[in-house]
Amino acid sequence: MSKLAFTDTSLTDGQAVVWSGALDNRMLLASAAALSSSRLAAVEVLGPAVLDECLARDEHPLQRVELASRHYGSVPLRATVNLLTGHGRPGADVLGPTAIEAWLSALAAAGIQQVVLLDPLLDLTRLKAALNSATAAGLIAIAALPYSADDDVSDDIYAQRAESLVTAGAARVMLRDESGVLTPDRAHTLFPALVSALGDTPLDLHTRCHTALGTVVALEAGQLGVSGIDTALPSVANGASLPSLPSLIRVLQHEQHFQDLPDLDSLLSADAILAEIADQEGFPAAAPWPFDLATYVHQLPGEVAADVRSALRGRWADLHEFAAECAVVRREMGSPPMVAPFARAIAEQAMCHFDGEQRYESLRPVLRRLLQGVYGTVDGELRTDLQERIGLVLSSDASPMTVEADLGADEAVLLAWVAGVTVAAIPPRANAVRPYEALTPYESLARGLLERAGRYTTLSVQAPGIRIHLQQEG
């Protein structure tokens, strides 16, 4: 009998893709009771995208973690931290050792127990410092190993990279296929190679469903030695999101090979709550995407793929042409992994060219800093003419600024540094956050009318069984 652990990412990647990041702190609490009794290995509550979403709503990101810590019972909470940023704050393109140490300590104090550390360029010096900081903060340190569909990266190379992450201090290694391009055939050779290289260190999988193969890959992973799998609830699963956990469990329940699977009834109860929120708020329903070879060409991850799909709606015939342009831009930028902060910048650059702008007439800021070497060394060759046009970056601009030394002393300063905003943009913690309130159709109608009543002298609605009359005095 084997035990396969599942982490739910509905509150981070799932809602970011399907609901465009609209799940607020009230909604976070709505499904807490159901998920807390689900026997999940962990629930992810914070990542770089969610941090930005919180700030855009004037919600305090660490309060989100604190609320989850109080309401999610014994289920461990997880966060994802990217060592490379895309916000362009001078000196903070790379979160240096001081910033990472302070940020991981703040996450641990708020209630995080596990952290996925992602360095897209796999700089082992940076990763070792971050992994050590995570361990020192009492966190389970999970090192991400980005996956791509590039033909020149063999199973042996991935195995060597995974082994180097363990040497750097990772307690677990996560193969991170954010573009959903891992196939079942490749899984049958790659997973055994990784499991063998890692030895006693557990291997996790994070894959997406861009090609509709994510669920199959996840099921194969469970048979090939993978210890943990990231998933989502049906309301925010599939497409550019992750495999649906209830669907996986229904299949695995018919196999006698696994034990202690998450409680299906609890998961379905949590999903029913998310579905009710989606219905009340008008959020889109999750839906599978049809298989398309263009995914293997552009290799765009999660939210970026969803945004591009929306932008190209009505001109699907152009998808392959756009995908080819993405691949060209990526190659000319040294073939960085298609994850944040590079993937969105590559997609935006390709869209500029695709829409008729002269090639590299303008240059996305992240790509400019990549060409300048601010983020580190890429595996491929950079376009030297673009590098010459931009010029070298001064060493003082490429390294973390001395202000990092003061980051641990003030939470607002730390948050501003990590998110790339001013201290004034950091919202205070709310005095009280109540769980999301589900309304009847009549209550929703009345609330909507009250919100609009100020525009009218008289507002009246009549229907069978209902009569509402609002009138302003004076």
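**Close-up 1. Gly-73 and helix H5 in the predicted model.** Gly-73, which comes just after H5, adopts a positive phi of about 60 degrees in this predicted structure. Helix H5 itself spans residues 61–71, and its buried residues include Pro-61, Leu-62, Gln-63 and Arg-64. Val-65, Leu-67 and Ala-68 of the helix are buried as well.

**Close-up 2. The second largest pocket and its lining.** This pocket encloses a volume of about 540 Å³. Its lining comprises 28 residues, and Asp-150, Val-153, Arg-330, Ser-335 and Asp-379 are those nearest the pocket centre. Classified by side-chain character, the lining of the second largest pocket consists of 14 nonpolar, seven polar and seven charged residues.

**Close-up 3. The surroundings of Asp-150.** Asp-150 is placed in the loop that runs between strand S6 (140–146) and helix H8 (155–167). Because its relative accessibility is 19%, Asp-150 counts as buried, the cut-off being under 20%. Leaving aside residues up to four places away in sequence, Asp-150 touches Gln-299 and Arg-330. With Gln-299, the side chain of Asp-150 forms a side-chain to side-chain polar contact at 3.3 Å.

**Close-up 4. Leu-117 in the largest nonpolar core.** The largest nonpolar core has 140 residues, of which Val-45, Trp-103, Leu-117 and Phe-191 touch the most other members. When residues up to four places away in sequence are not counted, the contacts of Leu-117 include Val-81, Leu-83, Leu-104 and Leu-127. Ala-130, Leu-131, Ala-134, Ile-142, Ala-143 and Ala-144 are also touched by Leu-117. Apart from the largest core lies another core of five residues, among them Leu-118, Ile-142, Ala-144 and Met-174.

Notes
Residues are numbered from 1 along each chain as its sequence is written. This is a predicted model: local features need pLDDT of at least 70, side-chain atom pairs count only at pLDDT 80 or more; totals for chains, interfaces and linings use all residues. Side-chain values use heavy atoms; hydrogens and water are left out. Buried means under 20% relative accessible area, exposed over 50%, partly exposed in between (1.4 Å probe, protein chains only). Helices (H or I, at least four residues) and strands (E, at least two) are DSSP runs, numbered from the N terminus. On a 1 Å grid over the protein atoms alone, a cavity is a set of points where a 1.4 Å probe fits but cannot get out, and a pocket is an open set with protein on both sides within 12 Å along at least five of seven lines; lining residues have an atom within 4 Å of a point. Grid points are joined across faces, edges and corners, and a volume is the space filled by probe spheres set on the points. Ala, Val, Leu, Ile, Met, Phe, Trp, Tyr, Cys and Pro count as nonpolar, Asp, Glu, Lys and Arg as charged, and the others, Gly among them, as polar. A polar contact is a pair of N or O atoms within 3.5 Å; within protein, one must be able to donate a hydrogen and the other to accept it, and residues adjacent in sequence count only if both atoms are side-chain atoms. Contact means heavy atoms within 4.5 Å. A nonpolar core is a set of buried Ala, Val, Leu, Ile, Met, Phe, Trp, Tyr and Cys residues joined through side-chain atoms within 4.5 Å.
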